[in-house]
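Biologist: I am new to this structure and would like a close look at a single part rather than a quick tour. Please choose a starting point, and go on from there to what surrounds it.

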Amino acid sequence: MSSPVEIPFKNVILLDRLSGTPVYLQIARQMINAIQRGLLTKGVKLPGTRSLAETLEVHRKTVVAAYDELDAQGWIEMLPNKGTFVTKKSPVSTASPLEFNANDLVSYPKQTGFAFDQSMLLDRPVSVSKVDLEFTDGLPDVRLAPMDKLAKTYSSVLKRNNNRKYLSYSHVEGNAFFREKLAGYLNNTRGLHVSKENIITTRGIQMGIYLASMLLIKKGDNVVVGNLSYYVANMIFQQAGANILSVPVDDQGISVEAIKRLCETTRIRMLYITPHHHYPTTVTLSAERRVELLNLSVKYGFIILEDDHDYDFHYHSSPVLPLASADSAGMVVYVGSFCKALAPGLRSGYIVAPENLITELGKFRRIIDRQGDLMMEQALGELLDEGEIQRHIKKAQKVYHQRRDQLSGLLTDHLSEFLSFKSPPGGLAIWTEWRKDINLMRVSKACLKHNLHLPQTLLFQTGQLSAMRLGFGNMDTEELSESIHILQKVLESDGS
């Protein structure tokens, strides 16, 4: 056995007195780290408990407890009358001790030691800002979320003994009670004709699109989207191996004629649409085109993936019913959520489809999420059953209607020389088209200096297009007014 190793233990073992981890465990874990990384090699004699205690300025009993822990885990061996040694059985190098580098012991590797494919396809600009004001692409105001009702109901669900079953594994399709009440809600509000067997719950619309894509799309399949379209959906389709084919979108929605011409020459696997308010331009797909799309899907055999992300918000007449409400041939997969009706952080979504597809989707869902949050779904089901979610949406709709009108007025009064727009009939965002000479990225950077964030994902600027999607849902009337005045100030000071 060797003599005690000359290691500066006071620098190797860094103790955090405020940590919730006991000091003896901190010592043991950091010594294990030193052994694993080769700083303490096989057979090396360790300092005595009294000596190490003095070095670390802790009680000797603390070091004794640390050594006992190391011994119990098999990292050291304590030999009577000889001392304490790093066990020769430990899987570390027998070479000379490494040159001391404390950073090696207290840091985690910044990069992997192996190669792997890194996806440029899935790169997405992350918009994190600490400023007070921010336009989103159409998020709701979380301050309006019915948290008191939700908290009361969720607490009640947790306290009931007969709900303990939701703490275990259950239906992969999601909470049966929630799906039953959701089916009734969708039938009443969207003209569907479904039961709980036609529904599988998700963690939001993106998960719904992902599950449908992983099941229904194979490499080389053609997926048709509007030009422009939802960038996250496009990324999912491409990740699944699809070829993206884009067709024009006008003031009546996606071009049915363009889709028809494509079908005559190309095999189409799926059409992705956001018909209630097309993303990002907010136009509504006309009732006539909806019927034509359903007929085309039957004739040419393509799937319609209908993303109804903001159906709950309409401000004039009743909304046009989704394509799924008129689907008699089983060609539509309908995706929705409560993320905008309630709050984005409450990840509650759903897929509606024929039973055989729901069964197969359940197999895919099982391997990434198993079943979702059955307790939360029970609470949401009870809120639906009591009409609380419906009442909240009705109240929120009035607030968002007012905010849409205010933003429309502000844009007209203060920015009409820079942009044009049409006030949308629903949803939580306004599509604005800007003068081609205005650099939107430069405007965004200038606004940030004035406490207003315009995320890159809102900006659409090419040689043919200069546009911006301005979400109004997350800001109250004062915040909207201040934001537009900042935009006006930047534009008038040649921020473009």
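Modeller: In what follows, helices are DSSP runs of at least four residues and strands are runs of at least two, both numbered from the N terminus. The model is a predicted one, and a good place to begin is Pro280, which is found in the loop between strand 9 and helix 11. The peptide bond that leads from Tyr279 into Pro280 is cis, with omega near 10°. As a rule, most peptide bonds are trans. A second cis bond runs from Asn227 to Leu228, with omega near 15°, and Leu228 likewise belongs to a loop, the one between strand 6 (222-227) and helix 9 (231-239).

From that starting loop we can turn to the nonpolar interior. The largest nonpolar core has 43 residues, and within it Leu182, Ile259, Leu293 and Phe338 touch the most other members. Among the elements that each supply at least two residues of this core are strand 9 (270-273) and helix 11 (287-300), the two that flank our loop, together with helix 7 (176-190), helix 10 (256-265) and helix 13 (374-385). Helix 7 gives the largest share, five residues. Leu293 shows how such a member is surrounded: leaving aside residues up to four places away in sequence, its contacts include Ile254, Val256, Ile259, Leu271, Ile273 and Leu285, and also Phe302, Ile304 and Leu323. Apart from this core lies another one, of 34 residues, with Phe313, Tyr400, Cys447 and Leu487 among them.

Helix 7, having given the largest share of the core, also carries charged residues that are worth following. Lys181 sits in this helix and forms a salt bridge with Asp385, their closest N and O atoms being 3.2 Å apart. In general, side chains of opposite charge can pair when their charged atoms come close. This pair links distant parts of the chain, since Asp385 is in helix 13 and Lys181 in helix 7, 204 residues apart, yet from C-alpha to C-alpha the two residues are 6.3 Å apart in space. Besides Asp385, Lys181 touches Gly381 and Leu384, when residues up to four places away in sequence are not counted. Lys181 counts as partly exposed because its relative accessibility of 24% lies between the limits of 20% and 50%, and Asp385, at 48%, counts as partly exposed too.

A second bridge from helix 7 joins Arg190 to Asp312, the closest N and O atoms being 3.4 Å apart. Asp312 lies in the loop between strand 10 (303-307) and strand 11, and Arg190 in helix 7, so this pair ties together parts that are 122 residues apart in sequence. Here Asp312 is buried, with a relative accessible area of 10%, and Arg190 is buried as well, at 1%. The structure holds 16 salt bridges, and some charged residues are linked further, as Asp141, Arg143, Arg403 and Glu479 are in a network of salt bridges.

Just before helix 13 comes a loop that deserves a pause. The loop between helix 12 (355-366) and helix 13 holds Ile367, which is exposed, with a relative accessible area of 67%. Together with Tyr210 and Ile368, Ile367 forms a nonpolar patch on the surface, with about 320 Å² of accessible area among the three. Arg370 is in that loop too, and its phi is positive, about 65°, although it is not a glycine. By contrast, most residues other than glycine have a negative phi. Arg365, whose side chain meets that of Asp369 in a salt bridge of 3.2 Å from N to O, counts as buried, with a relative accessibility of 0%.

To close, consider Thr202, which is part of strand 5 (residues 199-202) and counts as buried at 2% relative accessibility. A polar atom of the Thr202 side chain lies 2.9 Å from the backbone oxygen of Gly204, and a polar atom of that side chain lies 3.2 Å from the backbone nitrogen of Tyr350. Leaving out residues up to four places away in sequence, the contacts of Thr202 include Met207, Gly208, Leu211, Arg347 and Ile351.

Definitions and conventions:
Residues are numbered from 1 along each chain as its sequence is written. This is a predicted model: local features need pLDDT of at least 70, side-chain atom pairs count only at pLDDT 80 or more; totals for chains, interfaces and linings use all residues. Side-chain values use heavy atoms; hydrogens and water are left out. A nonpolar core is a set of buried Ala, Val, Leu, Ile, Met, Phe, Trp, Tyr and Cys residues joined through side-chain atoms within 4.5 Å. Buried means under 20% relative accessible area, exposed over 50%, partly exposed in between (1.4 Å probe, protein chains only). Contact means heavy atoms within 4.5 Å. Patches are made of residues with over 30% relative accessible area and no salt bridge: like charges are joined within 9 Å, nonpolar side chains (Val, Leu, Ile, Met, Phe, Trp, Tyr) within 5 Å. Accessible areas come from the Shrake-Rupley method with a 1.4 Å probe; for residues, only the protein chains shown count as cover. A salt bridge is a side-chain nitrogen of Lys or Arg within 4 Å of a carboxyl oxygen of Asp or Glu. A polar contact is a pair of N or O atoms within 3.5 Å; within protein, one must be able to donate a hydrogen and the other to accept it, and residues adjacent in sequence count only if both atoms are side-chain atoms.
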